[in-house]
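Open the model in your viewer and keep the selection panel at hand. We will go step by step.

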Protein chains: 2
Amino acid sequence: MKAEILATGDEIRSGALVDSNSAYIAEALEREGIEVTRHLCVGDDLKTLVAVFGEIAPRADVALVTGGLGPTEDDLTTEAVAQAAGLDLVLDKNALVTIEAFFKRLGRPMSRSNRKQARFPRGSAVLPNPIGTAPGFKTIINGCAFFCLPGVPREMRKMLADEVIPRLISLTGDNRQFSLVRTLSTFGSTESMIGERVSGITTDFPDISLGLRAKFPEIQVRLYIRGNDEDQLNHRLGIVAERVGAKLGNKVFSDDGRSMQAVVGDLLIKKDATVAIAESCTGGLIAHLLTNVPGSSNYFLFSGVTYANDAKIEVLDVPPETIETHGAVSLQTVRRMAAGARQIANATYSIATSGIAGPDGGTDEKPVGTVCIGLAGPEGVTSKRLYFPYGNRTAKKKLFAMAALDTLRRHLLGMEGLDIVMKKTIKE
Amino acid sequence: MKAEILATGDEIRSGALVDSNSAYIAEALEREGIEVTRHLCVGDDLKTLVAVFGEIAPRADVALVTGGLGPTEDDLTTEAVAQAAGLDLVLDKNALVTIEAFFKRLGRPMSRSNRKQARFPRGSAVLPNPIGTAPGFKTIINGCAFFCLPGVPREMRKMLADEVIPRLISLTGDNRQFSLVRTLSTFGSTESMIGERVSGITTDFPDISLGLRAKFPEIQVRLYIRGNDEDQLNHRLGIVAERVGAKLGNKVFSDDGRSMQAVVGDLLIKKDATVAIAESCTGGLIAHLLTNVPGSSNYFLFSGVTYANDAKIEVLDVPPETIETHGAVSLQTVRRMAAGARQIANATYSIATSGIAGPDGGTDEKPVGTVCIGLAGPEGVTSKRLYFPYGNRTAKKKLFAMAALDTLRRHLLGMEGLDIVMKKTIKE
């Protein structure tokens with residue numbers, strides 16, 4: 001089965017917006033063994049849309065279209081599909097009721113323009129949108145099934161999973177192919193270093209291909225396999241994943257796509273432990289990442305984002321002499337910050353960051369990109385200094401936060417004892 | 001002049017990689033007044049590539065192609081262009097010398113496959129690549145100029161700026177066109193509400209088109225104009241932008257693309273004021289957003305991310321009775337949190353959030369999506385309760401953080417006096 005993906009909208013066409021939907025859809029289809037042959041993008045222009053639908057239909061069995069289902073005048077997908085298929089638009093009463101109910105639930109008046117979203121090419125299957133106002137639909141043009149979905153990624157993803165993929169699976173029937181991917185997420189090495197490490201690892205497994213993907217600040221090692229026996233494919237992926245893990249050691253923080261913060265959270269739950277944070281240069285990002293994980297209130301207690309030195313002193317009980325003598329960005333200060341946060345919040349563990357995210361504030365001794373990380377636990381306090389010379393301010397904040405979380409992860413796994421790290425990195 | 005953009009490569013086709021090159025190129029071309037009509041993406045397949053080059057040539061004046069210039073067997077762009085143009089491949093001696101010098105400089109042996117990168121369709125203009133091994137080239141197919149560039153974003157961007165754009169400008173000559181965009185960023189209304197408000201606003205300006213863009217949690221109103229007199233275009237955009245601003249009132253927080261946090265930062269600087277934050281449900285996101293702005297250390301002092309009630313009591317001096325009587329998510333508690341953060345940090349202003357981001361923790365009285373926002377300043381303390389019923393946990397955190405920053409923004413602008421808000425929203 002061949003599929004094409006069409007993103008519509010002037011925002012994407014003109015480059016104002018990067019289209020991430022098409023890659024997401026491609027990956028989902030390929031996972032089901034459906035071959036994606038082309039992506040296209042055109043703007044909000046009726047004539048062009050009609051022409052493109054006409055071009056795709058004879059080439060593909062399935063087309064996934066995103067965008068242009070909104071209530072405004074430049075939302076033209078539905079009209080264009082109708083023209084390309086030679087169908088008129090008819091009001092779908094169920095869809096209208098659903099849209100009305102959506103607005104009622106939100107306690108907001110429904111605007112007249114939203115009625116437009118309940119009209120579809122005659123004979124289309126309406127695809128419900130449980131989290132937005134724009135339903136999708138499926139229409140056949142010249143033997144090709146066009147699935148039209150909203151451009152809002154969250155809505156598109158839900159409808160793709162709930163409405164589109166099940167329909168495609170039932171179409172493929174017994175010939176169902178599986179494309180499986182295994183993702184090993186790493187932190188702390190460059191793409192080329194990892195590439196060299198894992199090179200040749202799939203030699204005995206010619207059916208598995210290996211790709212590297214930079215998902216800043218992670219590098220992911222991805223293993224791909226295709227076939228019709230899902231269990232067998234998973235078994236083979238497992239063997240190679242284990243070999244990759246053995247090569248990369250503690251650089252791998254998850255082999256199932258989980259984020260660093262989710263991994264750290266799971267480790268804390270396993271130990272029945274809690275955590276507090278003291279952040280300077282990361283400016284709240286560590287707390288933000290940790291609290292993105294549902295259920296994080298079970299272990300995350302507190303973060304003191306102490307940007308100003310007075311806040312470090314007042315809130316975290318850092319002695320003013322420590323800052324005066326060693327500076328805010330120092331191993332001594334982050335150790336005090338970590339200890340202070342841990343004590344205030346009565347947490348099992350705490351991590352602290354102080355560094356220079358730039359663009360200003362660097363010195364010869366402590367250039368932009370320098371970060372000190374402190375870690376406090378029942379066994380004591382430790383600290384280390386790292387240097388990330390690449391990226392802008394927000395990139396550096398991400399690297400600093402990730403390095404701090406990774407420090408806690410390794411400690412929770414017993415990979416880095418507090419004392420050992422202390423000896424290696426502290427000179428007091 | 002019409003342009004199309006083609007991204008090549010199985011990684012992008014299969015969705016393993018999000019294509020950010022095409023948006024970057026589109027924006028650069030549109031800025032020069034070149035209309036981008038289509039993006040395409042196909043994989044590393046010679047037949048498909050040749051076919052697609054043949055399709056693009058009669059439709060466009062210019063085509064920008066990325067990827068497929070590397071040394072390996074699946075790099076097929078050069079071969080495909082030659083076939084589509086009916087030209088043979090010839091070795092370019094200058095290019096070969098440059099590639100050899102590149103490897104010498106890195107101190108690495110040049111592999112035989114790299115020689116391939118010095119062969120181009122006969123008569124092509126070679127486009128030097130100063131930071132990588134793959135030179136690009138320009139070949140005419142059926143009257144359309146194909147510019148082929150490497151897929152590595154850093155190399156592509158440099159060559160686009162140094163080699164492609166100047167050639168395109170000289171092609172357009174005196175007919176140079178400008179495409180200008182003005183962005184008004186809003187918060188607090190839905191896309192359809194804003195669409196209705198601004199509908200018809202460009203009736204007297206048929207040369208200006210208006211588009212809405214949901215950049216969650218903002219809604220942007222974007223005004224587009226194209227022509228050859230840059231000053232005149234800017235003047236006309238200014239008039240319409242002012243009208244849009246008048247229609248949308250204080251919902252507009254910037255008219256130059258600045259983020260909410262940058263706007264709040266600028267207002268604080270203007271008032272020579274500082275800010276502290278007390279965050280519960282936003283979990284550090286407000287601090288993270290504020291500290292993403294370079295120079296934020298001039299006004300941002302502290303955020304207490306007090307997830308646990310004990311941290312609210314211990315760090316922010318919230319009386320335990322307040323939490324016991326009214327709950328952590330209450331107007332009373334956020335007022336105490338705001339006052340506490342302001343006092344600890346000795347800040348001019350402070351904002352506090354406490355709410356339920358979900359997925360768990362909601363009640364009938366305080367469902368998931370409820371947030372209380374407190375604001376403390378020299379004039380006193382106030383609070384309000386809002387309800388955002390849409391989106392998952394991370395979406396709700398974003399909405400809560402944005403609402404809190406917007407509350408501060410409006411207060412700094414004198415749009416919302418503390419007392420007035422207090423009367424409207426507090427019942428104590």
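**The interface**

Begin with both chains of this predicted model. Chain A and chain B bury about 5,200 Å² between them, and 56% of that area lies on carbon and sulfur atoms. Now pick A:Arg13, A:Arg38 and A:Tyr307. In chain A, these three lose the most area to chain B, together 11% of what that side buries.

Widen the selection to the contacts. You should have 66 residues of chain A touching 67 residues of chain B. Across this interface there are 8 salt bridges and 39 residue pairs in polar contact. Color the chain A side by residue type: 29 are nonpolar, 21 polar and 16 charged.

**Strand 2**

Select residues 35-42 of chain A. This is strand 2, and 7 of its 8 residues are buried, so the rest of the structure largely encloses it.

What does strand 2 of chain A pair with? Within chain A, strand 1 (residues 2-8) runs parallel to strand 2, over 7 bridges. Look for A:Leu6, which stands opposite A:Leu40. Then cross to chain B. Its strand 2 (residues 35-42) runs antiparallel to strand 2 of chain A, joined by 4 bridges.

Zoom in on A:Arg38. Opposite this residue, in strand 2 of chain B, stands B:Val42. A:Arg38 also forms a salt bridge with B:Glu55, with the closest N and O atoms 2.8 Å apart.

**Strand 14**

Last stop: residues 300-306 in each chain. Here strand 14 of chain A and strand 14 of chain B run antiparallel, joined by 5 bridges. Select A:Val305 to find its bridge partner, B:Ser303.

Notes
Residues are numbered from 1 along each chain as its sequence is written. Chains are lettered from A and ligands numbered from 1 in the order in which they are written. This is a predicted model: local features need pLDDT of at least 70, side-chain atom pairs count only at pLDDT 80 or more; totals for chains, interfaces and linings use all residues. Side-chain values use heavy atoms; hydrogens and water are left out. Buried means under 20% relative accessible area, exposed over 50%, partly exposed in between (1.4 Å probe, protein chains only). Helices (H or I, at least four residues) and strands (E, at least two) are DSSP runs, numbered from the N terminus. Two strands pair if DSSP finds at least two bridges between them. Contact means heavy atoms within 4.5 Å. Buried area is the accessible area (1.4 Å probe) that two parts lose on being put together, summed over both. A salt bridge is a side-chain nitrogen of Lys or Arg within 4 Å of a carboxyl oxygen of Asp or Glu. A polar contact is a pair of N or O atoms within 3.5 Å; within protein, one must be able to donate a hydrogen and the other to accept it, and residues adjacent in sequence count only if both atoms are side-chain atoms. Ala, Val, Leu, Ile, Met, Phe, Trp, Tyr, Cys and Pro count as nonpolar, Asp, Glu, Lys and Arg as charged, and the others, Gly among them, as polar.
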